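Morning, everyone. I have one model to show, and I will start with the ligand site. Here it is.

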Amino acid sequence: MKYLTIALAKGRLAEISMDLFLKIGLDCSEMKEKTRKLIFADEKNKIKFILVKAADVPTYVEYGAADIGIVGKDTLLQEGRNLYEMIDLGFGQCRMCVCGPLAMKDKLDSINDLRVASKFTNVARSYFFNEKGRTVEIITLQGSVELAPLVGLSEVIVDIVETGKTLRENGLDVLETICDISARFVVNRVSMKMERERILDIVQKLKGVLAEGGVEN
Ligand code: PRP
């Protein structure tokens, strides 16, 4: 039997995913130990887990280097890869929002040269183009995006908001909500044909665990 490879987004999503896999009898306990290893095997079930940067999960899955991936909808929207999105896992919940100083709320649609800073550049561009019929200047940042309006790099940002704490502590607000975000179970299109039974078995079991309340978020 061939190994099925599952790509997990390093960090909190991977932690929660591991608990979920343990509940359906897939052993990824080795990943829980403090280690710098990036690849782990459950020999009994012929599963390999790989730990990758969130933004790279869709890439590994689209190319078939991983059969399955668990990654946030934010990353899927930004990366725009050709994958099967099979389950909304319900954890990692947050919102993709346009944020800025509250004073920008009424001006957002009237400012001509609106600058939008974001890690989610494709999401930001398509939101303003498709929902508002306008092009805006997109400024790419890698993190701490909330800084941009504070130092005059942009008027607003497009970013994920979970508790709202980062915004509050920096004097910013949600101006508009773009969409809800949560972790998704995605599958490579060829793997879905070649390994259909094994993948559907995992999907069914995961759905069972989720129906019973899932894992702690
Ligand atoms: C994310 C996001 C916000 C923050 C939102 O940043 O970009 O900055 O979390 O969470 P909150 O609403 O609960 O405050 P992350 O921690 O991923 O770091 P980053 O600045 O590198 O993007």
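**The ligand site**

Start with the make-up of the shell around the ligand: by class, two residues are nonpolar, five are polar and five are charged. Keep in mind that this is a predicted model.

Who is in that shell? Going along the sequence, K119, G143, S144 and E146 surround the ligand, together with D159, I160, V161, E162, T163, G164, K165 and T166.

Now the secondary structure. Two elements, β9 (156-161) and α6 (165-169), each supply at least two residues of the shell. Which one gives the most? That is β9, with three residues.

Next, the polar atoms around the ligand. At E162, a polar backbone atom is 2.8 Å from an oxygen atom of the ligand. At T163, the side chain takes part: one of its N or O atoms is 2.5 Å from a ligand oxygen. T166 also uses its side chain, with an N or O atom 2.4 Å from an oxygen of the ligand.

How much of the ligand does the protein cover? On its own, the ligand has 490 Å² of accessible area, and the protein covers 66% of that. As for the site itself, the space taken by the ligand is the largest pocket.

One last residue, E155. It lies in the loop between α5 (147-150) and β9. Is E155 buried or exposed? Its relative accessibility is 17%, and buried means under 20%, so E155 counts as buried. Its side chain has a partner too: E155 makes a polar contact with the side chain of R115, at 2.7 Å.

That is my tour. Over to you.

Definitions and conventions. Residues are numbered from 1 along each chain as its sequence is written. This is a predicted model: local features need pLDDT of at least 70, side-chain atom pairs count only at pLDDT 80 or more; totals for chains, interfaces and linings use all residues. Side-chain values use heavy atoms; hydrogens and water are left out. A residue is near a molecule or strand if one of its heavy atoms lies within 4 Å of it. A polar contact is a pair of N or O atoms within 3.5 Å; within protein, one must be able to donate a hydrogen and the other to accept it, and residues adjacent in sequence count only if both atoms are side-chain atoms. Accessible areas come from the Shrake-Rupley method with a 1.4 Å probe; for residues, only the protein chains shown count as cover. On a 1 Å grid over the protein atoms alone, a cavity is a set of points where a 1.4 Å probe fits but cannot get out, and a pocket is an open set with protein on both sides within 12 Å along at least five of seven lines; lining residues have an atom within 4 Å of a point. A molecule sits in a cavity or pocket if more than half of its atoms lie within 2 Å of its grid points. Helices (H or I, at least four residues) and strands (E, at least two) are DSSP runs, numbered from the N terminus. Ala, Val, Leu, Ile, Met, Phe, Trp, Tyr, Cys and Pro count as nonpolar, Asp, Glu, Lys and Arg as charged, and the others, Gly among them, as polar. Buried means under 20% relative accessible area, exposed over 50%, partly exposed in between (1.4 Å probe, protein chains only).
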